[in-house]
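Thanks for coming. I will go through one structure, from the chain as a whole down to single residues, so please have it open in front of you.

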Amino acid sequence: MRRYIRTILILIILSFATFPADAARRKRIQVDTVGLRCRGVMESFAGIESGLDERLDFYVSEKLTHYFYCPSDDRYCNRWGWKFLYNDSDRHMVRNLKAICEGKGIEFVWTVNPGERYRWNDEDYKYLRDKLIMMYYNGIRSFAVYFPDTAGDYRDVEERLKADFVATREEEVSLYMINGIPVSEYPSEGHSAVRSLMRGYHFDDSFVASATAQDAVICNILENDEFARLALISVAEFAGDPLKYSPDRTLADAVTTLDEDVREAFMTFLRHTGNVDESTQISVFSLDGWSKERSDSLKAEFDRIEAVPAMMQDCSGTEIYSALEPWLVEFGRLGTRGKKVLSCMEYYKTGNLGAFWQTYRSSVMSDEEIASYQMYPVGESKLHPFCMTAMEQMKKGFEEMLLSKTHLHNLASTLYAEPNAALDSDFSTYINSSGHIEFAIPADADTCYLLTGDLPEQGMVLFRQIRTDGSLAAEFVVRSGYSEFHLKEGAVKVDIVGDVDVYENIFVYL
């Protein structure tokens, strides 16, 4: 279907080429009667010649009507050389660009941007007027003036140019004051721009009102990369009908224009971060609803999520990638964490408590990880809540599994001044044994569950039971992060010998 539409578009463009340029432009304006009259793209980056023909075809396919020429490396139209006249070579280059644009049915608008070097006096006004006159004699018929971040009144300049320049030309010319037209820039700056890219380009009420009143909108492309198309498609869709524009629908459609590898990765990112399709195709479940089939299906999605940062590396080095990078990093972490949670659920459901404990412990988010997630939240709709809920359900279930048949637990104490992090039933806190730590055995306890961190690669960790007279009642080598020990009669304390993090030391009466 896409190939068929592209073929039709090429035939239309070729049909334009059989008419004189002015006839082609009149035909284009006649066809596009719906939406804003001026739907412009302004290319402000350097090196516009590379790939311009392909970009123009794309602009035409999106029903953009005006091409505002204002590249940063054309010194004759920017702040560095706007007062000077083109040399012969560059003058012919501009005329050729105009012919290419009009041959495709898009209006070429030569744009001058004096910037802060415009002094707002009669002398600089005359420079500006004379520059437009010289470009008129070079064949240009559509002009734009842009004063970004200006302290002067562009409307005064506009009125003078209408009287001194527009009204005095033998052929009809068009003059656009870009300061009076709503402009959407790509990439824009700041945190909100990243959110816009992830969740669609939103235009506030004042932007909509201004575009409707001016019958115009412009997308200013400051950097030419894959994601520039997303911005352009959003602006083009908005220009087609500002009151019916949908950011989410437009963004989902726009992603299809990216290169295949980037498109797949970015769509995965948007599905869980931008809520493009509200993740409706992804099924999550509770601990009670776990099954191997459902787990494997969700794991495949976490695999895709984990791979996104590497796949997006093709866009590295661009400004927008730099802005998105911390979100992408956090997104990859979500994929890794989700896979661990699924493994943890499987170990729990199949009764492999040793593997469960080890995986559970590595899946608990640290304070630093929580802070990082809160800065760059991803998967907010389904997957992050799924992980957090599953971890809490498993924590409660594991605790009940260990303690449900006992009349006492966590009534022990360390035998010297140490925090009782290993006795608080909080599986996220721990105390390091520092080579040796002792716990008193409560009366009537007959079993001990020991939950530790990673065991040392060198040396051993011993679990020793000591009688009142100091003799050894029993000694075991700790071989797993999860261990269950039967307490020997007459033992009054346990020694943990070795360097290990002790998360819980739970005494129970079975």
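Of the 510 residues in the protein chain, buried ones make up 49%. The accessible surface of the chain is about 24,500 Å², and carbon and sulfur atoms hold 48% of that. There are 16 helices and 15 strands in the chain. If you count contacts with a separation of 6 or more, 77% of them are between residues 24 or more positions apart.

Before the details, a word on confidence. This is a predicted model. The mean pLDDT of the protein chain is 84, and 86% of the residues reach 70 or more. Which stretches have a pLDDT below 50? One is residues 1–32, which in the model has 29 contacts beyond near neighbours in sequence. Another is residues 407–411, with 21 such contacts. Where pLDDT is low, the predicted coordinates should not be read in detail. I will leave both stretches there.

Now the sheets, starting with the parallel one. Seven strands form an open sheet, and the order across it is β5-β4-β3-β2-β1-β7-β6, with parallel pairing. At the edges are β5 and β6, the latter covering 183–186, and each of these pairs on one side only. From one strand to the next, the twist averages 25 degrees. Helix α3 packs on this sheet and touches β1 (38–43) and β2, with its direction at about 160 degrees to that of β1.

Let me stay with β4 for a while. To one side, β4 pairs with strand β3, residues 107–112, in the parallel sense over three bridges. Two positions to look at here: Trp110 stands opposite Phe143 in β4, and Thr111 has Ala144 as its bridge partner in β4. The path from β3 to β4 includes helix α5, residues 122–137, and the three elements make a right-handed β-α-β unit.

β4 also runs parallel to strand β5, residues 174–177, and four bridges join them. In that pair, Ala144 stands opposite Tyr176 in β5. So much for the neighbours of β4.

Where do the side chains of β4 point? In a regular strand the side chains alternate between the two faces of the sheet. In β4, which spans residues 142–145, Ser142 and Ala144 point one way, Phe143 and Val145 point the other way, and all are buried.

Next, the antiparallel sheet. Four strands form this open sheet in the order β9-β14-β11-β12, and the pairing is antiparallel. Its edge strands are β9 and β12 (472–477), each pairing on one side only. Here the twist averages 20 degrees from one strand to the next. Inside that order, β11, residues 462–467, and β14, residues 491–498, run antiparallel and are joined by six bridges. For a single pair to find on the screen, take Ile466, whose bridge partner in β14 is Lys493.

Then there are two residues with backbone angles worth a look. Which residues have a positive phi without being a glycine? Lys63 is one, with a phi of about 65 degrees. Lys63 is in the loop between α3 (52–61) and β2 (66–69). Its relative accessibility is 47%, so Lys63 counts as partly exposed. The other I will show is Asp444, which is not a glycine either and has a phi of about 75 degrees. Asp444 lies in the loop between β9 (435–440) and β10 (447–452). Asp444 counts as exposed, because its relative accessibility is 59% and the cut-off for exposed is over 50%.

Last residue: Arg361, in helix α14, residues 353–363. Is Arg361 buried or exposed? Buried, because its relative accessibility is 17% and the cut-off for buried is under 20%. And what is Arg361 in contact with, leaving aside neighbours within four places in sequence? The contacts are with Thr452, Gly453, Asp454 and Tyr503.

To recap, we have a parallel sheet of seven strands and an antiparallel sheet of four. In the parallel sheet, β4 is paired with β3 and with β5. Among the single residues, we looked at Lys63, partly exposed in its loop, and at Arg361, buried. And residues 1–32 have a pLDDT below 50, as do residues 407–411. That is all from me.

Conventions: Residues are numbered from 1 along each chain as its sequence is written. This is a predicted model: local features need pLDDT of at least 70, side-chain atom pairs count only at pLDDT 80 or more; totals for chains, interfaces and linings use all residues. Side-chain values use heavy atoms; hydrogens and water are left out. Buried means under 20% relative accessible area, exposed over 50%, partly exposed in between (1.4 Å probe, protein chains only). pLDDT is the predictor's confidence in each residue, from 0 to 100. Contact means heavy atoms within 4.5 Å. Two strands pair if DSSP finds at least two bridges between them. Axes are lines fitted to C-alpha atoms, for helices over the stretch in contact, and angles run from 0 to 180 degrees between N-to-C directions. Accessible areas come from the Shrake-Rupley method with a 1.4 Å probe; for residues, only the protein chains shown count as cover. A crossover is right-handed if, with the strands pointing away from the viewer, the path from the first strand over the helix to the second runs clockwise.
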